[in-house]
Amino acid sequence: MSTPVLETQRLHLRPFRLDDADDVFRYASNPNVARWVTWETHKSRADAVRFIDMVLSRPTDDHTWAIRVDSESRVVGAIDFACIKPGVADIHYVLAEEFWGQGLMTQAARVVLSWGLSTYPFLNLVETFAAADNIGSCRVLQKCGFAEVKHRYERWQKYTELVEVAVFSTTTLKKLKFSHLPVRRQLVGVPPQGDLRHGC
Ligand SMILES: CC(C)(COP(=O)(O)OP(=O)(O)OC[C@H]1O[C@@H](n2cnc3c(N)ncnc32)[C@H](O)[C@@H]1OP(=O)(O)O)[C@@H](O)C(=O)NCCC(=O)NCCS
């Protein structure tokens, strides 16, 4: 399934392109942005190129969008929706720090969930996780209708200490709160090769 362009009132979501590397490096080189994600803060533009290469190599049922906000021509974040096992999908996201707290990722997650669930009607649930201390991310998930189901400790390569992670799931897809959002679609092709899997 191709990754479509999705739009909301303030956001334009489209597949990544290699020439997005400067924009990705700009937000991903901020340690505050990378603090609660599994990947390392980007040290050079090459890290951003590697990220985009990886995204473009993902399997066809693993969709990653570059996020643009109405006021900016550059890419300011990423969101990923992937079918990870039979009946189950997951979602991950990241946004440039200067755009936090405006309800943008909630908007992005809702439109992506809306598209994902209508595109893959066989899904029984969507699950994901966030560091338990990542209050903003936990709140985005709650606002989208996810429930926190458990905590676990994970070893992330970039930290010496274990990270406490909150696991979220949709107990029933009907609970997801996205149905009121307008979705405009346009199909855009993305290279389907590869099997890499990694959060945004
Ligand atoms: C997590 C992230 C995506 C949230 O994006 P965002 O656009 O700011 O999210 P929203 O504005 O839609 O919602 C954030 C909510 O968390 C709340 N919040 C954020 N930080 C908070 C804090 N320290 N204490 C209490 N509430 C907090 C906001 O008030 C808002 O809730 P509200 O609408 O009820 O007021 C963004 O902060 C980010 O990209 N962080 C770095 C990468 C990351 O952590 N990705 C997720 C990995 S699991």
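**Questions on a predicted model**

Me: In this predicted model, why does Gly 77 count as buried?
Reply: A residue is buried if 20 or more other C-beta atoms lie within 10 Å of its own. Gly 77 counts as buried because its number of C-beta neighbours inside 10 Å is 25.

Me: Which residues does Gly 77 touch, not counting residues up to four places away in sequence?
Reply: Gly 77 has its place in strand E4, residues 77-85. Its C-alpha atom is separated by 8.4 Å from that of Trp 65, 12 residues apart along the chain. With residues up to four places away in sequence left out, the residues that Gly 77 touches are Tyr 27, Ile 67, Tyr 93, Val 94, Leu 95 and Ala 96.

Me: Which element gives the most to the largest nonpolar core?
Reply: In soluble globular proteins, nonpolar side chains tend to be buried together. The largest nonpolar core here has 47 residues, and those with the most contacts inside it are Ile 67, Ile 79, Tyr 93, Ala 108, Ala 109 and Val 112. The element that gives the most to this core, with 8 residues, is H4.

Me: What span is expected for H4 at 1.5 Å a residue?
Reply: Many residues of H4 are listed as buried, including Leu 104, Met 105, Ala 108, Val 112 and Trp 115. The helix has 16 residues and reaches 23 Å from its first C-alpha to its last. That reach is close to the expected span, which is 22 Å.

Me: Which element gives the largest share of the shell around the ligand?
Reply: Of the 20 residues around the ligand, Trp 100, Met 105, Thr 106, Gly 136 and Arg 139 come nearest. Two or more residues of the shell are given by each of strand E5 (88-95), helix H4 (104-119) and helix H5 (135-143). The largest share, 5 residues, comes from H5.

Me: How many charged residues does the shell around the ligand have?
Reply: Sorted by class, the shell has 12 nonpolar and 7 polar residues. The number of charged residues in the shell is 1.

Me: Which residue stands opposite Leu 6 in E2?
Reply: In a regular strand the side chains alternate between the two faces of the sheet. Strand E1 (residues 4-7) has Pro 4 and Leu 6 on its covered face, with Val 5 and Glu 7 on the uncovered one. E1 pairs with strand E2 (residues 11-15) in the antiparallel sense over 2 bridges, and a hairpin of 3 residues joins E1 to E2. Opposite Leu 6 in E2 stands Leu 13.

Me: How many bridges join strand E7 to E8?
Reply: Strand E8 (residues 163-169) pairs in the antiparallel sense with strand E6 (residues 125-131) over 5 bridges, and Phe 129 has Val 167 as its bridge partner in E8. Strand E7 (residues 147-154) also runs antiparallel to E8, where Ser 169 is the bridge partner of Ala 147. The number of bridges that join E7 to E8 is 7.

Me: What percentage of the contacts in the chain between residues at least 6 apart in sequence join residues at least 24 apart?
Reply: The secondary structure of the chain comes to 5 helices and 9 strands. Of its 200 residues, 35% count as buried. Among contacts between residues at least 6 apart in sequence, the share that joins residues at least 24 apart is 66%.

Key: Residues are numbered from 1 along each chain as its sequence is written. This is a predicted model: local features need pLDDT of at least 70, side-chain atom pairs count only at pLDDT 80 or more; totals for chains, interfaces and linings use all residues. A residue is near a molecule or strand if its C-beta atom, placed from the backbone, lies within 6 Å of it. Helices (H or I, at least four residues) and strands (E, at least two) are DSSP runs, numbered from the N terminus. Ala, Val, Leu, Ile, Met, Phe, Trp, Tyr, Cys and Pro count as nonpolar, Asp, Glu, Lys and Arg as charged, and the others, Gly among them, as polar. Two strands pair if DSSP finds at least two bridges between them. The expected span of a helix is 1.5 Å times one less than its number of residues. A residue is buried if 20 or more other C-beta atoms lie within 10 Å of its own, exposed if 12 or fewer, and partly exposed in between; C-beta atoms are placed from the backbone. A nonpolar core is a set of buried Ala, Val, Leu, Ile, Met, Phe, Trp, Tyr and Cys residues joined through C-beta atoms within 7 Å. Two residues are in contact if their C-beta atoms, placed from the backbone, lie within 7 Å.
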